[in-house]
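Hi,

Here is the structure I promised to pass on to you. Have a look at it first, and then read on for what turned up in it.

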Amino acid sequence: MANKNDPGIDINVRAPNLTEMWHSTIAWFQLHYIQILIAIGAATIIYLALATLRRIGTKHRGRRGDPLGLGNVLSRAAARTTQYFMIMVAARLVVVFADAPASLDKTVTFFFTIAVVVQAAIWAREIILGLIERKTLADDGQGETLANAMGLIRILVTFALFAIAAIVVLDNLGVNVTGLVAGLGIGGIAIGLAAQGIFSDLFAALSIIFDKPFRQGEIITYDQTTARVEKIGLKSTRLRAMSGEKKVISNANLLQKEITSLQTLIQRRVTYAIGIIYQTSEEQAEAIPTILKEIVEAEGMIFVNAGIIAFGASSLDYQLNFDVPDPDHHDYFQMRHRIGLAIWKRFNAEGIEFAYPTQTSFTAAPDGKAIMPYAEVQPVRRVDG
């Protein structure tokens, strides 16, 4: 049995007396019935207003997969208004307006606090999830990447908000939550350190989903790899290389690389190096840029420039630059083939020869003069016998 003289024990703290609270409530009704009736009427109006707000939210929240506006997001939150919250708001209004007894007021306040905190967490969760979904669907109407992460996001948001709600409720009840908050912080740090690699890939996946450096189906280049993105997972991204291999790379590692997306190009630059022999006539050499321009434009491509860039060891070097418009609808490799084949045919028709590595040898006499590389043939003298 506890010692009443022990200064560490509050002898004034005792369990609620239901009988006392009942009698005080009856007396309150008898003395303040007019105020109580008025408060009940006002509380009924508040309850009906909240119920109407919930019905409107249910009607305008939209269906899954539909485009989301701010109105739809707020309607989703309003539709999640609970009956418990509406009842406790009405009850709180009655006890405050009608000057309820302290015991009744304390009881209603206790349940009202829980209702408000829990309802605020529910509303916040729906608004946060709705805004996340709205941002994702705004850039990606199919929402295929959202489905990969929405379950994880919902768990994280729900845990964070309801953990905060529990702490707020306990704090309002007079419970010392300092130790609880410290314990949650230490536990979170321990879990984060233990699963650092996993969380790194998870947050990298969320970064890919919301920042969209690339999307599923796009062709990207990183390091020395060019591949099409097949699936963006929560831990890794799967790609199909142009040579056919399946590649799997962690999301965190992928985002650390310089990524080039080839899918959203308005036009793509193609560069050709062409070498012709030095024996080409001046007129033909001057006409080559014009010939190349005619070839490119005849194939429907965009000519940029062409001309001599170097005097090679065995060739006069030209460079051709042209753009492939709308790479999504033009096969980049096929365009290179068609232009190259057209250049070869046209140069053959014009008598322009492509260069290849050649060497010419000259023989010099002892005095340095160039001579034939072989001995002169002496004429055969006929001897008549």
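Asp223 and Lys257 form a salt bridge in this predicted model, and their closest N and O atoms are 2.9 Å apart. Asp223 sits in the loop between β1 and β2, while Lys257 belongs to the loop between α9 (251-255) and β5, so the pair ties together parts that are 34 residues apart in sequence. Lys257 is partly exposed, with a relative accessible area of 24%.

Another salt bridge brings together the side chains of Glu230 and Arg240, at 3.0 Å from N to O. This pair links strand β2, home of Glu230, with strand β3 (residues 236-241), home of Arg240, and the two are ten residues apart. Glu230 is partly exposed at 32% relative accessibility, and Arg240 is partly exposed at 32% as well.

These strands are part of a sheet. The sheet is open and has five strands in the order β4-β3-β2-β1-β5, with antiparallel pairing. At its edges are β4 (246-250) and β5 (259-261), each of which pairs on one side only. Neighbouring strands are turned by 40 degrees against each other on average, ignoring direction. Try following one pairing on your screen: β1 (residues 219-222) and β2 (residues 225-232) are joined in the antiparallel sense over four bridges, and Thr221 has Thr226 in β2 as its bridge partner.

Now to the helices. Glu126 forms a salt bridge with Arg80, with 3.0 Å between the closest N and O atoms. Glu126 is in helix α5 and Arg80 is in the loop between α3 (70-79) and α4, so to find both you need to look at distant parts of the chain, 46 residues apart. Is Glu126 buried or exposed? With a relative accessible area of 10%, Glu126 is buried, because that is under the 20% cut-off. Arg80, in contrast, is partly exposed at 34%.

Helix α4 (residues 83-97) makes a nice check for you. Its 15 residues should span 21 Å at 1.5 Å a residue, and its end C-alpha atoms are indeed 21 Å apart. Among its buried residues are Phe85, Met86 and Val89. Asp99 follows α4 and has a positive phi, near 55 degrees.

Finally, the surface: Tyr84, Phe110, Phe111, Leu170, Leu173 and Val175 form a nonpolar patch with about 460 Å² of accessible area together. Phe111 lies in helix α5 (residues 102-139) and is partly exposed, with a relative accessible area of 36%.

Enjoy exploring!

Conventions
Residues are numbered from 1 along each chain as its sequence is written. This is a predicted model: local features need pLDDT of at least 70, side-chain atom pairs count only at pLDDT 80 or more; totals for chains, interfaces and linings use all residues. Side-chain values use heavy atoms; hydrogens and water are left out. Patches are made of residues with over 30% relative accessible area and no salt bridge: like charges are joined within 9 Å, nonpolar side chains (Val, Leu, Ile, Met, Phe, Trp, Tyr) within 5 Å. Accessible areas come from the Shrake-Rupley method with a 1.4 Å probe; for residues, only the protein chains shown count as cover. A salt bridge is a side-chain nitrogen of Lys or Arg within 4 Å of a carboxyl oxygen of Asp or Glu. Buried means under 20% relative accessible area, exposed over 50%, partly exposed in between (1.4 Å probe, protein chains only). Two strands pair if DSSP finds at least two bridges between them. Axes are lines fitted to C-alpha atoms, for helices over the stretch in contact, and angles run from 0 to 180 degrees between N-to-C directions. The expected span of a helix is 1.5 Å times one less than its number of residues.
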